[in-house]
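Reader: I'd love a close look at one part of this protein, with its surroundings filled in as you go. Could you walk me through it as you would at the bench?

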Amino acid sequence: MTYATVEASGREFVTRRLAVTGPTDLLIERVTVTFSIDDIEEAAEVRTFAEAPFAVTVRTTTDSLLSGVQNPHTHTELGDTVTVSYEPAMRVSARFESSPQFFAVSHRSGSTIQPVPPKTRVGVGESRPRARFRNPSEALPMDLEEITTLRAVVRHFLSPLPLRHRSILYTYWLPLPHAPATDAEEALWIETIDNFVDLGGDLLLTVPLVDASVPTNAPDATWELEPAGSRAAKIMDHARASGLEVGYYMGVAAGNLPYSNAPGLGLPSDAPDSWRKVRRDGTLAKENCLAHEEYARWLETVSINTIETYGLSAWSWDPGPGDGIHCYSESHGHLPGKGVHAGWLNGQKMIAALHERFAGLHLQGYYGQKQDGTWGLKGISQHEGYWEQQAEWGSALYPELSAERLNANGSRQQAWWSQNFRYLPAELNHPVMGRMSQICVEDTVLGQTFDWWGWRFGLLSAIAIGGAPTLPTLPPRDVPSAIREEYRWWLEWAKAHSETPAYDIAGGAQVELGAVDWYLRGGPDEAHLFLCNPGPRPARVRVDLHDHLPETLSARGTVVDVQSPSRRWSSDAVPVRFDADVPAFSVLVYAVTTDPESVDTRAPLESTEARSAAVALDLWRDEMNRRVPIPNREAAPSRTIHCALPALSRALDASRHEALLLRERLPLIPDTFAYVDPERAILVIPLLDADDSPDLQVLVDGIPVDTEVYRFVHEQMSRYSLVEADVDQWPESTVVWWCDLTEHLASVGPRTLSIVLPVLGLHQFLGPYLQVPEDVAADLESLGDSAIRFTDGPLHVVPPLRRAGADGPRVREGWVTPDSVASQSEFTLHVRAENADEVFATIHVASGSLTDRRLRRVEGAGDLWVLDAHVYSRTAVILDRPDAIVWAVRDGAVSDDFRVRIPWELDPLES
């Protein structure tokens, strides 16, 4: 047993590792570690992505002992002692080294946080909002010191690659001809590349442009991604000649399964039978077993061949790079049915080999990378968040009309959770900016950006959370030059400050309305602070950086507002504690530095450069001529409120209505396109939760105006044929109320604007605003009230869950029928749960794999709950976990998780 003391990110901890040597081959079945401490007050397991094991916290009255085996396939038992085990179940030659275990002591601060789930369109019948997947340990309050210590351990283990602040064009979400077949389609790709180059872009990360032939068993085989003389080769060569790095999304999604398929799964077509997984009945499966050394080396070799052949700077899997799960072979070096660990080890070796061969290679981790949790992300350059950042598929919803602004908030929300509840370094965040309401196979008109202020908000949000700014849409060439120039400037600024941070913190609110979320990264002599406001009115935050900065900065640093360089103060005169007002949909950037004269600064984009501006309408009065507060400080009855609009300096041009044409052309796309016409006047009426206000009416001079809701409906998902999503169980979520007032403002005279409001709960009324042409905005400035700002902190209060006590809900038994579950089959999960009002399950392979599921109680059967599910194609499975994870809930108390093994059956080779 080898012990080591580690200092990382300002924390100290101990690691230990077991080595076993012998004179001949060894069979290692199981590794078990146990420990105990006196005076335990509480012991709990901590899990991260996809319910993957991570660590345990053992708490006394003042301290926490944090420990974990750095392996995603452990099993933990809590009692008088803590027992953590995993099953290598593998044969090794003369020497075996275990996965490392860490121990760290954290003196608790007394400040704890738990996940506050945002509103999403996902619903499984709960009364509280939920993200697409729950945080597995969301009922366990984590002390801030525990989080800081765990993040230091994770940073040391993952050793993230040096951050290269590349700007990435990611075409999975950018609609372009998948396999360009005409001159016009080729020209569209060329123009997109040239546009990206002009913006200062660095890396084209794309789905293959051909139905690529897959590698054979030959030692020099590759994926044929750019056949000689093909349009794909011309396009990718043009990208290289233009100075771009290039790489490929090689996963199974977006129709790539038959030919891209970098996880291997069933490749090559001439694979020897010895590589195939073996089913329980002894027959061969379609999938190959990554635990098989010869197959693992083949997959590594053809990946290296392909990267070298095309000079790639980025590579990926989804899922991947493969596994040894569900394999019952007796000749793959693992015990029958227990190839998980050996397959994972070979995948880790492959990732390490690629980095050793190709310095600076960008390995993008996608949704399929989550099944191995936090410990499974070693060698991954950045990961996709817990779910795709697309509101339609379950990311966070905020009361906003612009998909660009929605995505900016959602990207930060995922990053905030990844850092604080998955314990990841900021460099691994996936800073997607732009619109995410489309994917690559849809209408090419969706590749453009529609909201320039939202684009800017997304750009600064992306830089705030770290990682490489990733664009799924591009502004066309005819946008104001200031928009493009600002992108170039901030990209260069990010590159200039992309050194590996000595500390990185996501603080403040969890990207919640009424509050500010903030991000701090830096070193001993300089740090950068980003203050972000997700809401429609200014928000005030009290910033206290004293305990987060090194002494060189907290005692002698100067704070410089990067966007207003005249605003600066020294920490020796004014400590690094200050109040800041963050404007609506904005990010403020501060440098804290010992050399203030060296700070790069830039004035922010003006509304005149964005062509339109959002004007806050604050001066509302009710029927009794009383001022209407924003937000409302108490529940309010149904009433009509009024705002007097002054005469405009010019009439609006109502002749153009490109947004309406787009909505008619693309009825299944969940987007209003409202900001595509800068000349139009769009009234947005954000409510804290528009689903709580089903009726609302706007009037101009007493005449009703067509008042609409931006919402997600089930039919929109039909364009993906995602039957396994079970979207019919999701609520048809309302995002925000809005209307187009352009025709009503086509003359210059004054108007009275009225809104008939429904009954409103506390803090529901967030304040309407009018998006208008920038030259008209000045006519309406008098309707704003500079004193209005959110100061109460988060308005969206979600009662925290808590761990169930001895008398709380408990799952005590679970099983699946039938005893074999294969592709295109039905199965039933049975659970016995005590003291439960609700029972839920996560099954990542079956029907409902895009979210969690709710079980139904069997009438007259006491404590029996069931879930009927359907398996579609196992070969195309993105996440493949061996168990269903089940938990019970009652009155806000959550049981410990219960694992139910599902008897998965792989697809047979001959099918």
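**A close look at serine 437**

Author: Happy to. Serine 437 counts as buried, because its relative accessibility is 7%, under the 20% cut-off for that label. Please keep in mind that this is a predicted model.

Let's place the residue along the chain. Serine 437 sits in the loop that runs between helix α6 and helix α7, the latter spanning 452–465.

Now for its partners. The side chain of serine 437 makes two polar contacts that are worth finding on your screen. One goes to the side chain of arginine 435, at 3.4 Å. Another, of 3.1 Å, links the side chain of serine 437 with that of aspartate 671. If you set aside the neighbours within four places in sequence, the residues in contact with serine 437 are Gln390, Ala403, Glu442, Ile669, Pro670, Asp671 and Arg719. Aspartate 671 therefore turns up both in this contact list and as a polar partner, through a pair of N or O atoms within 3.5 Å.

From the loop, we can step back to helix α6 and the sheet it meets. That sheet is open and has six strands, in the order β23-β24-β25-β30-β27-β28, with antiparallel pairing. At its edges lie β23 (503–508) and β28 (568–570), each of which pairs on one side only. On average, neighbouring strands here are turned by 15 degrees against each other, direction ignored. Helix α6, residues 403–421, packs on this sheet and touches β23, β24 (517–522) and β25 (526–533). The direction of α6 makes about 120 degrees with that of β23. Ala403, one of the contacts of serine 437, falls within the residue range of α6.

For a detail of the pairing, look at β27 (residues 558–561), which runs antiparallel to β28 and is joined to it by three bridges. There, threonine 558 stands opposite serine 570 of β28.

Finally, a word on empty space in the whole structure. A search finds 16 cavities of 30 Å³ or more, and the largest has a volume of about 220 Å³. It is lined by 22 residues, and those closest to its centre are Leu265, Pro319, Gly322, Asp323 and Gln371. The largest pocket holds about 1,200 Å³ of space. Its lining counts 43 residues, with Arg47, Thr74, His75, Asp883 and Arg899 closest to the centre. Strand β8 gives the largest share of that lining, four residues.

Technical notes
Residues numbered from 1 in each chain as written. Predicted model: local features only at pLDDT ≥ 70, side-chain atom pairs only at ≥ 80, totals over all residues. Heavy atoms only, no water. Pairing = 2+ DSSP bridges. Helix = DSSP H or I, 4+ residues; strand = E, 2+ residues; numbered from the N terminus. Axes fitted to C-alpha atoms, helices over the stretch in contact; angles between N-to-C directions. Contact = heavy atoms within 4.5 Å. Buried < 20%, exposed > 50% of the residue type's maximum accessible area, 1.4 Å probe, protein only. Polar contact = N/O pair within 3.5 Å; in protein donor to acceptor, adjacent residues only side chain to side chain. 1 Å grid on protein atoms, 1.4 Å probe; cavity = no way out; pocket = protein on both sides within 12 Å on 5 of 7 lines; lining within 4 Å. Points joined across faces, edges and corners; volume = space filled by probe spheres on them.
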